[in-house]
Amino acid sequence: MTPQNLMLLPLSTPKLSIGCPILDHCLGGGIACNSITELVGESGYGKTQLCLQLTVRAQLPPSHGGLGGSSIYIFTEFSFPFRRLQQLGNLYHASYPNLIRLEPLEDIYVHGVHDAQELIHVLGDIEAFIAIDHTRLPVKLIVIDSIAALFRSQYQTTPADLKRRSEMFFNISGTLKGLANKYGLAVVVTNQVVDFIGPHHGVNGVRLGNLESLDTSGRRVSPALGLAWAHCINSRVFLARHEQSIEVDIRNAPSTSICSQTHRTFHLVFAPHLAYASAEFVIKKEGIVGVSQ
């Protein structure tokens, strides 16, 4: 391996396009394979929407920004949004009738888990499932939505429990990275946020994991699961929302009216070989779409 080859290595990694040039540009081309990408944000801010979008887009051939593969979707809370996934599948089949089959959900394998230990067992089953290779399309995407829900109440804040929790983090992430590297997969996990209490710029200027303050809905927040989990992922995307008050002139009214306008922002917080980037986005029936500035 020469220095020149090392310089070319990031460019050779396959990537899964979000389907929007603006957001893909933030990610250097899309969601990278052979690594773990985390989507973090408050509930209802677009994390699950983006994951569903990726499971359908993964079925497209690489020439159209996909991976030519099927997906495994592991959900850990609430009921799985089959209706929304079916809607997305129908829309993408209409746009790519020769590339995505009439029933795209047949290439998305959904499984629910309830705790971290169960996830470990399921990941072992997934490796056997991939190795058997009896799916119509090879598995190219694994989604876990969400990782934080598995640790919400299972562990206390005692030193012993925190140690066990960190060991579980590294067990899960190590297994996921092993699958990603062995089979050329993209791995996407969602995470939640917690209120941030501390200095704006971390500790001694260090901004990493839970030492990092992010802003959304007028709150200072931080990714859940702390610094130990931050070391387990390769890339972090933060989805934020901000409300802006604007004055609106109403015809024949004596004064202006104040209305609230919602802005959603896609932030690439960190990723190998990439600088910080951000873009506004909206959620449409066809999925998450970036907005030109």
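Here are some questions and answers on how the labels for this predicted model come about.

This is a predicted model, where local features need pLDDT of at least 70 and side-chain atom pairs count only at pLDDT 80 or more, while totals for chains, interfaces and linings use all residues. Residues are numbered from 1 along each chain as its sequence is written, and side-chain values use heavy atoms, with hydrogens and water left out.

Q: Why is glutamine 49 called buried?
A: Buried means under 20% relative accessible area, exposed over 50%, and partly exposed in between (1.4 Å probe, protein chains only). Glutamine 49 has 10%, so it counts as buried.

Q: What makes the pairing of glutamine 49 with arginine 84 a polar contact?
A: The term needs a pair of N or O atoms within 3.5 Å; within protein, one must be able to donate a hydrogen and the other to accept it, and residues adjacent in sequence count only if both atoms are side-chain atoms. Here the two side chains meet at 2.9 Å, so the label fits.

Q: Which residues does glutamine 49 touch, not counting residues up to four places away in sequence?
A: Arg84, Leu88, Ile283, Gly287 and Ile288, where contact means heavy atoms within 4.5 Å.

Q: Why is phenylalanine 129 called partly exposed?
A: Its relative accessible area is 22%, so it falls in the in-between class.

Q: What makes tyrosine 73 and phenylalanine 80 an edge-to-face pair?
A: Rings of Phe, Tyr and Trp (its six-membered ring) pair if their centres lie within 6.5 Å; planes under 30 degrees apart count as stacked, over 60 as edge-to-face and the rest as tilted. These two rings sit 4.9 Å centre to centre with 75 degrees between the planes, so they pass both tests.

Q: How do you know that phenylalanine 169 and tryptophan 229 are also edge-to-face?
A: Their values are 5.7 Å centre to centre and 70 degrees between the planes, so the same cut-offs are met. Phenylalanine 169 lies in helix α6 and tryptophan 229 in helix α7, so the pair ties together parts that are 60 residues apart in sequence. Helices (H or I, at least four residues) and strands (E, at least two) are DSSP runs, numbered from the N terminus.

Q: How do you know that β9 and β10 pair?
A: Two strands pair if DSSP finds at least two bridges between them. Three bridges join β9 to β10, so the pair qualifies, and it runs antiparallel.

Q: Why do β8 and β9 stand at the edges?
A: The open sheet has the order β8-β10-β9. Each of β8 and β9 has a single partner strand, so one side of each is left without a neighbour in the sheet.
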